[in-house]
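Trainee: Please pick one helix contact in this model and go through it closely. I would like to know what lies on each side of the contact and what the chain does around it.

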Amino acid sequence: MALLHGVMWRSRALSRALDAAAASTSRRHVWNESSGSKKKSGTSKVTGRDDGDFTPGFYDNLIQKYAAHEEEHTERVNLKKLMETGKAVLVDERPAVVRQNAQFLQQELPKRLARRLLDLQFLPYIVVINPNIKRVYNSYYNAFETLRNFRVVNDDESNAEFTLLLKRLVDEHGPMVEALAAGLRECKSKPFIGDQLKLDSFLNSMLTSRISRRVLAEQHIALQNRRQNFVGIVCTQLDLREAVDFAFRKAQQVCVETYGVSPEMRVRGDQGDDAIISYVPAHLDYMLFELMKNAMRATVEQAIRRRRGRTSRHEMPPVIVKICRGKSDVTVKITDEGGGINEAEEKKIWNYGYTTVDEKDGSLTGLSLADGEQGGGPGGMDFSGAVGNSQSKMAGLGFGLPLSRLHARYFGGDLRLVNVNGYGVDVYLDLKNLQDEEVATS
């Protein structure tokens, strides 16, 4: 009897241990080490360093294989084709179209991730070992392994599971831009080495690929959630005046939280049907938000300099926005009177990581408000970042302008800046109407 009791006790203990291990595995977050990179104690006989420093996949030929396949066979993403696929989902062939799209993503996403993993492996050693860059690498590697090993989508049940996986990965990869920015800033701060690092080309490739993967994944998710005036993630009735006003209110709250005051905005130009385009709202929100923040910050700080630290919104010139409709595109012009950019800074504004904010002191704060001015923003609104859950702060990462231009160019448009030193800046955001233009991108 005692022997039987001991066997039963050990069986129950083993069962509890397995349950605990399963729960621990299910809770593993994509930011943690991937399952193929669990830390082990001791020193590696091969590398002579702690095995916990090993970054998964560096010596895995599978990544090179997938990356090579990406170079040779990756299909280009046509945004007009995305809309056609979305329209097809609205008719009777919806389930078949969705499954075909899922199968396409199963083939495409691992290849794109492998290419980016290989790019990370090619970085200088001091960049690769940076903790933030390693986080990005490990998150990509985990997504690569998870997608590669997912069962083939051939019915509604497997598609539902695949869609949930895509949504989770999109959400978990949200902090990637901040991690890249933090890693870049830390590497560039190294004496003698930082100035030698030229990473803009690498970041362009990384971030363009990120936009592309998010578009593909979010399109598949959106295909299964019908919304009025939407074809997948593309809004076919996007009102630019509403988008500008939304971005202004977001930036206004951040500006007031930072400085205690913000300039007003005036919108001019086309309205009504002439201000309606087909576009992806989240990406447009991100660009307009970043450009509004830049214009507001320049305006407020210029007013403070002129009035020696004491100003109010009534004493500041407004930010002027003009919407101009062309034949197949729309230009949003944002004008500020923030004093412009000096010649030395103008050459650097498109570089990733370049910022005029002092990392130690932060942006200019603590100004003296004029009588009657109140701190605090409009209140009651969610003003988190538009894309990738970026933190709501006025400046500091140095990614706003170059990443906004990348978003604009990805969708066939552009972002241009005309600087008048001593007066202000005119920014021209050119947007292609995605319903009219056949814009191809990778």
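Mentor: What follows is an account of one pair of packed helices and the strands around them, in a model that is predicted.

Some context comes before the contact itself. The chain contains 13 helices and 12 strands. It has 442 residues, of which 48% count as buried. Among contacts with a separation of 6 or more, 79% are between residues 24 or more positions apart.

The part to examine is where helix α9, residues 200–223, packs against helix α13, residues 400–410. The axes of α9 and α13 lie 10 Å apart, at an angle of about 50°. Because the angle falls outside the ranges that count as roughly parallel, perpendicular or antiparallel, α9 is oblique to α13. The crossing of these two helices is right-handed. On the α9 side, the residues that meet α13 are Asn-204, Leu-207, Thr-208, Ile-211, Ser-212 and Val-215. Their counterparts in α13 are Leu-403, Leu-406, His-407 and Tyr-410. By class, the residues of this contact are six nonpolar and four polar, with no charged residue.

Take α13 next. Nine of its 11 residues are buried, so α13 is largely enclosed by the rest of the structure. The buried set consists of Gly-400, Leu-401, Pro-402, Leu-403, Ser-404, Leu-406, His-407, Ala-408 and Tyr-410. Leu-403, Leu-406, His-407 and Tyr-410, which meet α9, are among these buried residues. Just after α13 comes Gly-412, with a positive phi of about 85°.

Now follow α9 to both of its ends. Ahead of it, Phe-192 sits in the loop between α8 (176–188) and α9. The phi of Phe-192 is near 70°, a positive value in a residue other than glycine. Phe-192 counts as exposed because its relative accessibility, 81%, is over the 50% cut-off. Leu-223, in α9, is a contrasting case: with a relative accessible area of 4%, against a cut-off of 20%, Leu-223 is buried. Leu-223 is also placed 6.1 Å from Gly-86, C-alpha to C-alpha, although 137 residues separate the two in sequence.

Beyond α9, the loop that leads to β2 (230–231) holds Asn-229. Asn-229 has a positive phi as well, near 65°, and is likewise a residue other than glycine. At 37% relative accessible area, Asn-229 is partly exposed. β2 then pairs with strand β3, residues 234–239, in the antiparallel sense over two bridges. In that pairing, Phe-230 stands opposite Cys-235 in β3. The hairpin of β2 and β3 has two residues between the strands, and Gly-232 takes a positive phi near 70° there. β3 also pairs with strand β5, residues 276–279, antiparallel over three bridges. Asp-239 stands opposite Ile-276 of β5.

On the other side of the contact, the strand to look at is β10 (414–420). Seven bridges join β10 to β11, and the two run antiparallel. Within this pair, Arg-416 stands opposite Tyr-428 in β11. β10 and β11 form a hairpin with three residues between them, and Gly-422 in the turn has a positive phi of about 95°.

Both strands of that hairpin belong to an open sheet of five strands, in the order β4-β7-β8-β11-β10, with mixed pairing. Its edge strands, each paired on one side only, are β4 (265–269) and β10. From one strand to the next, the twist averages 15°. Inside the sheet, β11 (residues 424–432) pairs with β8 (residues 329–336) in the antiparallel sense over eight bridges. There, Val-332 has Leu-429 of β11 as its bridge partner. Helix α10 (residues 240–259) packs on the sheet and touches β4, β7 (319–325), β8 and β11. The direction of α10 makes about 165° with that of β4.

Methods
Residues are numbered from 1 along each chain as its sequence is written. This is a predicted model: local features need pLDDT of at least 70, side-chain atom pairs count only at pLDDT 80 or more; totals for chains, interfaces and linings use all residues. Side-chain values use heavy atoms; hydrogens and water are left out. Axes are lines fitted to C-alpha atoms, for helices over the stretch in contact, and angles run from 0 to 180 degrees between N-to-C directions. Helices (H or I, at least four residues) and strands (E, at least two) are DSSP runs, numbered from the N terminus. Angles under 35 degrees count as roughly parallel, over 145 as roughly antiparallel, 65 to 115 as roughly perpendicular and the rest as oblique. A crossing is left-handed if the near helix is turned anticlockwise from the far one by less than a right angle, and right-handed if clockwise. Contact means heavy atoms within 4.5 Å. Ala, Val, Leu, Ile, Met, Phe, Trp, Tyr, Cys and Pro count as nonpolar, Asp, Glu, Lys and Arg as charged, and the others, Gly among them, as polar. Two strands pair if DSSP finds at least two bridges between them. Buried means under 20% relative accessible area, exposed over 50%, partly exposed in between (1.4 Å probe, protein chains only).
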